[in-house]
Amino acid sequence: MPQELPRSGTPAMPTMPKVNALTAADLRACLAQGISDFARAPLFGLFFGAVFTVIGMVIVLALTYWHMPWMIYPFAIGFPLIGPFAAAGLYEVSRRLEKGLPLDWPQVLSAVWALRRREFSWMAFVMLFVFWVWMYQVRLLLALILGRMSFSTLEKFLSVVFTTEQGWIFLAVGHLDGAVLSMILFSITVVSIPLLMEREVDIVTAMITSVKAVLASPLPMLGWGVCVTVAVLLACAPFFLGLLVVLPVLGHATWHIYRRAVEPA
């Protein structure tokens, strides 16, 4: 049945999703649910985690091949920025487990592939753009602060940044800059991506809803963002292999955070 128009002749504005405040206990429960979902569908979790792991390995090998090994450390710092985009398949798995739907590869992969025709593609662009801004700012800080330093290997780069005054300045400014970008991106994506997957909403509505969810529970959400960042960084240490487990668990847990933070339609 066609939607009625107001007397002014303009379409009715879509209803903004309502958000709920979360507590630390909610986040612990969501993490437990994320572990449970991974245990119930381990092959899906390992598959999507492997995709993210392989991408990280390829980029690291490319930086080494291009004689830019000093970029590996800032790349690893910024890598979590695109984590929510990589977890899209995990959200679909959790959604199916929640609703008791069958889990088979064609349906899960086709559901993820179908997202390209929705607003999800714009959210992916936003996330990749922020990641590009981060990498560009790293290059700028390298030129401004460490421009006179010489480092041709990752070991020399780490020696410079951890043993010199300029290196400490670079670390302080770089991590502060990264924290700001991460917080901005976390605020606009923590529930917007699963929201875009589940409902037909536009990207602006999804991002506003995500920011409202963060503002409704600032300390728990900030704590969750820090936990996710630290967990992903630690998982990247053994050549990204830790992401095989860490990414699926965090991805499933994020779906359950969305389900608690945003009221059903």
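So, where is the place of Ile55? Ile55 sits in helix α2. Before I go on, please keep in mind that this is a predicted model.

Okay, let's stay with Ile55. Its relative accessible area is 39%, so Ile55 counts as partly exposed. Leu46 has its place in helix α2 too. With 35% relative accessibility, Leu46 is also partly exposed.

Both of these residues belong to a nonpolar patch on the surface, about 650 Å² in area. The full cast is Leu43, Leu46, Phe47, Val51, Ile55, Trp105, Leu109 and Val245. Two elements give two or more residues to that patch, namely α2 (42–65) and α6 (105–113). Helix α2 has the largest share, with 5 residues.

One more thing about Leu46: how far apart are Leu46 and Val246 in space? From C-alpha to C-alpha they are 9.7 Å apart, although their positions lie 200 residues apart in sequence.

Now, let's go inside. As a general idea, rolling a probe the size of a water molecule over the atoms shows where empty space is left. Searching the whole structure turns up 1 cavity of 30 Å³ or more. Its volume is about 80 Å³. And which residues line it? You'll find Tyr73, Pro74, Ile77, Trp134, Val138, Leu141, Phe170, Leu171, Gly174 and His175 around that space. The elements giving two or more residues to this lining are α3 (72–78), α7 (120–145) and α9 (165–189). Helix α9 brings the largest share, 4 residues. By class, we're looking at 8 nonpolar residues, 2 polar ones and no charged ones.

On to the charges, then. How many salt bridges does the structure hold? There are 6. Let me show you a few, starting with Glu92, Arg95 and Arg96, which are linked in a network. Arg95 pairs with Glu92, and their closest N and O atoms are 3.0 Å apart. Glu92 also meets Arg96, at 2.8 Å from N to O.

Arg95 and Glu92 both lie in helix α5 (residues 88–99), 3 residues apart, which is about one turn of the helix. Glu92 and Arg96 are 4 residues apart in that helix, again about one turn. Is Glu92 buried or exposed? Its relative accessibility is 5%, so Glu92 counts as buried. Arg96 is buried as well.

Last one: Glu98 and Arg259 form a salt bridge of 2.9 Å, N to O. This pair links distant parts of the chain, with Glu98 in helix α5 and Arg259 in helix α13 (residues 243–261), 161 residues apart. Glu98, at 34% relative accessible area, is partly exposed, and so is Arg259, at 26%.

Definitions and conventions:
Residues numbered from 1 in each chain as written. Predicted model: local features only at pLDDT ≥ 70, side-chain atom pairs only at ≥ 80, totals over all residues. Heavy atoms only, no water. Patch = residues over 30% accessible without salt bridge, like charges linked within 9 Å, V, L, I, M, F, W, Y side chains within 5 Å. Areas by Shrake-Rupley, 256 points an atom, 1.4 Å probe, with all protein chains shown as cover. Salt bridge = Lys/Arg side-chain N within 4 Å of Asp/Glu carboxyl O. Buried < 20%, exposed > 50% of the residue type's maximum accessible area, 1.4 Å probe, protein only. 1 Å grid on protein atoms, 1.4 Å probe; cavity = no way out; pocket = protein on both sides within 12 Å on 5 of 7 lines; lining within 4 Å. Points joined across faces, edges and corners; volume = space filled by probe spheres on them. Nonpolar A, V, L, I, M, F, W, Y, C, P; charged D, E, K, R; others polar.
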